[in-house]
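Consider how one might read the interior of a protein model, starting with a buried helix and moving on to the core and then to the open space.

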Amino acid sequence: MKVLDPGQGVVLPQAMWLCYSTIAKAPGLAAEEVLSFVLPQELREHAPSDGAHAKQALSALVEFQLVSSDDGMLNAEPSDPAGFLRRLRHQVMRPPSDVSGSFEGAPDLRSGLVWLMTQSPFAPLHWKSNVQVAMPPGLFTNDTRWNNFPTWATTLGFARPALRALLPADAATRSHLVADPTEAVLDVIAHPFAEPLPIGVQVPVATFMAFLRRELPVLPGHPSATYEGLNSDLQDQFAAVGLALNSAEARGVLTMGYQSDPTGILALPDGGRKAGARYVSTIQIEAKK
């Protein structure tokens with residue numbers, strides 16, 4: 001399902017949550033009944049395209065297997081907003097082949113996230129400023145599809161709005177985006193779908209990165225996080241991940257270390273270091289304080 005294409009109606013995670021929470025609280029509703037709760041008929045005629053965004057949100061929930069349909073009756077597991085976003089992120093990130101042969105997922109969004117994770121977090125992104133010429137051929141197609149991408153990227157924890165101080169003077173009035181997967185990284189460390197990392201134990205950085213790529217398979221280095229036309233500056237390839245790990249360390253979530261004669265090293269670009277990269281050989285998850 002192409003969630004960035006507004007042709008059939010914009011797919012928004014916020015609208016998906018409204019539909020999901022309605023179904024979770026009242027299981028067994030038909031699609032039209034859900035829509036009547038989320039967007040009553042009296043309001044629907046005033047909504048763009050007769051409420052197409054609500055209909056698309058409902059279709060996306062079924063497509064991403066977050067909602068089940070039994071003879072047209074919809075059901076969903078109870079969840080809070082954080083839990084819902086966690087499952088939504090997991091489904092749209094996964095390579096479709098890891099789910100099933102018929103699962104399409106959100107290929108346009110996933111390709112956008114794969115590209116975003118190779119961008120420098122210190123380079124604000126905007127369609128007119130740089131995205132149009134820097135993106136892989138055909139990635140967002142046009143500015144309309146790009147305009148839907150920042151909402152998804154920030155909601156899923158892979159980006160944040162750029163600080164105004166980083167913007168060039170001639171673009172200060174435009175809303176820019178920067179790659180920053182900090183929130184996604186923090187969330188999968190605390191709530192992984194697979195086996196969690198041990199707490200208070202130093203693990204080789206290769207082990208940690210394998211865990212992170214398994215939980216967030218749009219990060220550089222995952223076998224599926226590439227496609228024809230995707231090119232990135234080697235210096236920037238791990239810059240966004242480096243920012244996330246440094247942020248996690250600053251928050252006391254983990255501690256990065258370097259041992260003499262290490263078996264594996266990860267060079268993390270660190271904008272705060274005059275010497276350049278920070279070399280890491282072990283990472284330890286800290287207990288919550």
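A residue counts as buried when its relative accessible area is under 20%. The model shown here is predicted, and its helix H7, residues 107-116, can be read with that cut-off. Eight of the 10 residues of H7 are buried, so the helix is largely enclosed by the rest of the structure. These buried residues are Asp108, Leu109, Arg110, Gly112, Leu113, Val114, Trp115 and Leu116. What encloses them can be listed by element: they pack against the helices H5 (81-93), H8 (127-134) and H9 (143-155), and against the strands S3 (159-161) and S4 (177-179).

Leu116 leads from this helix to the nonpolar interior. The largest nonpolar core has 79 residues, and Leu116 is among the members that touch the most others, along with Met16, Phe64 and Phe208. Helix H1 (residues 13-25) gives the most to this core, six residues. For Met16, leaving aside residues up to four places away in sequence, the contacts are Val11, Ala57, Ala60, Leu61, Phe64, Leu66, Phe84, Leu88 and Trp152. Phe64 thus appears both as a contact of Met16 and in the list of core members that touch the most others.

Where is space left open? The largest pocket holds about 350 Å³. It is lined by 18 residues, of which Ile189, Ala190, Val253, Ile285 and Lys288 are the closest to its centre. Helix H10 (residues 182-190) supplies the largest share of the lining, five residues. By residue class, the lining comprises 11 nonpolar, two polar and five charged residues.

Notes
Residues numbered from 1 in each chain as written. Predicted model: local features only at pLDDT ≥ 70, side-chain atom pairs only at ≥ 80, totals over all residues. Heavy atoms only, no water. 1 Å grid on protein atoms, 1.4 Å probe; cavity = no way out; pocket = protein on both sides within 12 Å on 5 of 7 lines; lining within 4 Å. Points joined across faces, edges and corners; volume = space filled by probe spheres on them. Helix = DSSP H or I, 4+ residues; strand = E, 2+ residues; numbered from the N terminus. Nonpolar A, V, L, I, M, F, W, Y, C, P; charged D, E, K, R; others polar. Core = buried A, V, L, I, M, F, W, Y, C linked by side-chain atoms within 4.5 Å. Buried < 20%, exposed > 50% of the residue type's maximum accessible area, 1.4 Å probe, protein only. Contact = heavy atoms within 4.5 Å.
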